[in-house]
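Please open the structure in your viewer and keep the sequence panel beside it, with a way to select residues by number. The tour moves from one selection to the next and says what is to be found at each stop.

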Amino acid sequence: MRTEEFIRALAADRAVEIRLGLAFALALAAGAVIAATVFLSELGVRPDVLAALHTVRFPFKFVVTIALFATSLRLALALARPGGNAAAAARLLAVPALLIGGALVIELTVLPEAAWGPRLIGTNAKVCLAAIPVIAVGPLVALLLALRSGAPTAPARAGASAGLAAAALAATFYAAHCTDDSPLFVATWYSLAIALVVAVGAVLGPRVLRW
């Protein structure tokens, strides 16, 4: 390859990165607005939020969901075009997994065994399973459209990563409403709700992102 061709190729790659970055930024803005609108109109913030902020379990939910959102969004960006380091991005998903895993160990250690079941079942399991997927619809659609600005070579995985990011964003909103703050509840019901959105993203990916 001649020097001039190499420079043009680098310039083209940079232009693609800028377009993808802008597409993802717009998708996040639109998705967040839609998610916030759905959340506030249908659920709203829990009434004891100020008191809950002084506990450990309530703020920790946001640490986990935001970490999941950031790492899954990075994975989606890596999968958006050929040559993206998806393997390295996928390894970062260990961060939220370790966070919730460590919290589970602490919870099971400090709580008596008789309290495990009630904390796991909680009082909002059905709401959680429905609310997170519903809130995630807008962000999922927006992120899938953003992925179309790239050229994902693994549409199913790209769609699943979009679903994971959308669900993590939705879970962050839902966490402000949910009064079940135990890591046992979060690890179980949040994960199931998120998995539903990931599955939808994986199914839609090959249909929406094929090129």
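Begin with helix α8, because 17 of its 21 residues are buried, so that this helix is largely enclosed by the rest of the structure. The model you are looking at is a predicted one. Select residues 155-175 to pick out α8, which reaches 30 Å from its first C-alpha to its last, close to the 30 Å expected at 1.5 Å a residue.

Within this helix, select Ser-161, which lies in α8. Ser-161 is buried, with a relative accessible area of 3%. If you leave aside its neighbours within four places in sequence and show what surrounds it, you will find Ser-161 in contact with Ser-72, Leu-75, Ala-76 and Leu-79.

**The whole chain**

Now clear the selection and colour the protein by secondary structure, which brings up nine helices and zero strands. Read along the sequence, the pattern is therefore α-α-α-α-α-α-α-α-α, where helices are DSSP runs numbered from the N terminus. Turn the model to view it along each of its principal axes in turn, and the C-alpha trace spans about 70 × 35 × 30 Å. Of the 211 residues of the protein, 42% count as buried. Among contacts between residues at least 6 apart in sequence, 83% join residues at least 24 apart.

**Helix α5 and its two sides**

Select residues 94-110 next, which make up helix α5; at 1.5 Å a residue, its 17 residues should span 24 Å, and its end C-alpha atoms are 24 Å apart, which agrees. Show the side chains of Pro-96, Ile-100, Ala-103 and Glu-107, which are the buried residues of α5. Looking down the axis of α5, you will see these buried residues fall within an arc of 60°, so they line one face of the helix. An α-helix has 3.6 residues a turn, so residues three or four places apart point the same way.

Which residues sit on the face of α5 turned away from its buried side? Select Leu-98, Val-105, Ile-106 and Thr-109, which are exposed residues carried by that face. To see what covers the buried residues of α5, add other helices to the view, including α3 (57-79), α6 (113-121) and α9 (183-208).

One further stop on α5 is Leu-99, which has its place in this helix. Leu-99 is partly exposed, with a relative accessible area of 28%. Not counting residues up to four places away in sequence, Leu-99 touches Phe-60, Val-63, Val-64 and Ala-67. For a link back to the start of the tour, draw a distance from Leu-99 to Ala-168: these residues are 69 apart along the chain, and their C-alpha atoms are separated by 14 Å.

**The largest pocket**

Select Val-64, Thr-65, Leu-68, Pro-96, Ala-97, Ile-100, Val-186, Ala-187, Tyr-190, Ser-191 and Ile-194, which line the largest pocket. The elements that give two or more residues to this lining are α3, α5 and α9, and α9 gives the most, with five residues. About 170 Å³ of space lies in the largest pocket, and its lining residues divide into nine nonpolar, two polar and no charged.

**The cavity**

The structure also holds one cavity of 30 Å³ or more, and about 30 Å³ of space lies in the largest cavity. To find the largest cavity, select Arg-57, Phe-60, Lys-61, Val-64, Ile-100, Asp-181, Pro-183 and Val-186, which line it. The elements that give two or more residues to this lining are α3 and α9, and the largest share, four residues, comes from α3. By kind, the lining of the largest cavity divides into five nonpolar, no polar and three charged residues.

**A last stop on helix α7**

Finally, select Gly-138, whose place is in helix α7 (residues 125-147). Is Gly-138 buried or exposed? At 12% relative accessibility, Gly-138 counts as buried. Not counting residues up to four places away in sequence, Gly-138 touches Gly-31 and Ile-34. To end the tour, draw a distance from Gly-138 to Arg-148, which are ten residues apart in sequence and 16 Å apart in space, C-alpha to C-alpha.

Note on methods: Residues numbered from 1 in each chain as written. Predicted model: local features only at pLDDT ≥ 70, side-chain atom pairs only at ≥ 80, totals over all residues. Heavy atoms only, no water. Expected span 1.5 Å × (residues − 1). Buried < 20%, exposed > 50% of the residue type's maximum accessible area, 1.4 Å probe, protein only. Arc of directions from axis to C-beta. Contact = heavy atoms within 4.5 Å. 1 Å grid on protein atoms, 1.4 Å probe; cavity = no way out; pocket = protein on both sides within 12 Å on 5 of 7 lines; lining within 4 Å. Points joined across faces, edges and corners; volume = space filled by probe spheres on them. Nonpolar A, V, L, I, M, F, W, Y, C, P; charged D, E, K, R; others polar.
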